[in-house]
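Biologist: I would like to take a close look at a single part of this structure, and I would be glad of a careful explanation that a first-year student can follow.

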Amino acid sequence: MIEVKFYEEVKDEKLKYAVIVTRYNGKWVFCRHKDRKTLEIPGDHREKGERIIDTAKRELYEETGAINYTIEPISVYSVINKDENEETFGFLYLAEVKEFEKELYNEIEEIVLLDDFPNNCTYPDIQPKLFEKIKNNISIKYKL
């Protein structure tokens, strides 16, 4: 069983992931990895010695091709795997993209723009909760 929790902050060294809920021209941005048929929010593991904001920026570029954007921190989150009694931490960001590269160069097959969260997501126990956290935090700002 998986549980997602949100925190004001945790020690930096605990942050292992950056996830970036992304918008472009009023649409939500999702990506599809070459090895999967499902859609996901951009994000992934932090590399050794990397600041978590730099992880977010790197992953946003690698998974969407975003080259002109604003990015803001939203919340620390954790994923608790109750079966394994393990808790991992990440940082949730919101990005507003103004421009993408013409082509994707990494492991991502395509970018999909949607009005809401997709039915076919890669991490159904985690990403819908992260998406809702963003929607709840920005509903007034974007008049959703």
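Biologist: Is Phe30 buried or exposed, and what is its relative accessible area? Please go on from there to the aromatic rings and the cysteines.

Modeller: Please keep in mind that this is a predicted model. Phe30 is buried, with a relative accessible area of 2%, and because buried means under 20%, this residue falls within that class. The ring of Phe30 is paired with the ring of Phe131, their centres being 6.0 Å apart and their planes standing at 45 degrees, so this pair counts as tilted. Phe30 belongs to strand β3 (residues 27-33), while Phe131 belongs to helix α2 (residues 127-142), so the pair ties together parts that are 101 residues apart in sequence. Phe131 also counts as buried, at 1% relative accessibility.

These two rings have further partners, for ring pairs link Phe30 and Phe131 with Trp28 and Phe117 into a cluster. Trp28 has a charged neighbour as well, since the charged end of Arg23 sits over the ring of Trp28, 4.4 Å from its centre. An arrangement of this kind is also found at Phe6, where the charged end of Lys133 sits over the ring, 4.9 Å from its centre.

The structure holds 7 aromatic pairs, and one of them joins Tyr7 to Phe89, with ring centres 5.6 Å apart and planes at 55 degrees, so that this pair, too, is tilted. Here Tyr7 lies in strand β1 (residues 2-7) and Phe89 lies in strand β6 (residues 86-100), so the pair ties together parts that are 82 residues apart in sequence. The two partners differ in how they are covered, because Tyr7, at 25% relative accessibility, counts as partly exposed, whereas Phe89 is buried, with a relative accessible area of 8%.

Turning to the cysteines, it helps to recall that a disulfide is a covalent bond between the sulfur atoms of two cysteines. The count for this structure comes to 0 disulfides. Cys31 is in no disulfide, and the nearest cysteine sulfur, that of Cys121, is 12 Å away. For Cys121, likewise in no disulfide, the nearest cysteine sulfur is that of Cys31, 12 Å away. Because a disulfide requires the two sulfur atoms to be within 2.5 Å, a separation of 12 Å does not qualify. Cys31 is buried, with a relative accessible area of 0%, and Cys121, at 10% relative accessibility, counts as buried too.

Definitions and conventions
Residues are numbered from 1 along each chain as its sequence is written. This is a predicted model: local features need pLDDT of at least 70, side-chain atom pairs count only at pLDDT 80 or more; totals for chains, interfaces and linings use all residues. Side-chain values use heavy atoms; hydrogens and water are left out. Buried means under 20% relative accessible area, exposed over 50%, partly exposed in between (1.4 Å probe, protein chains only). Rings of Phe, Tyr and Trp (its six-membered ring) pair if their centres lie within 6.5 Å; planes under 30 degrees apart count as stacked, over 60 as edge-to-face and the rest as tilted. Helices (H or I, at least four residues) and strands (E, at least two) are DSSP runs, numbered from the N terminus. A charge sits over a ring if NZ of Lys or CZ of Arg is within 6 Å of the ring centre and within 35 degrees of the ring normal.
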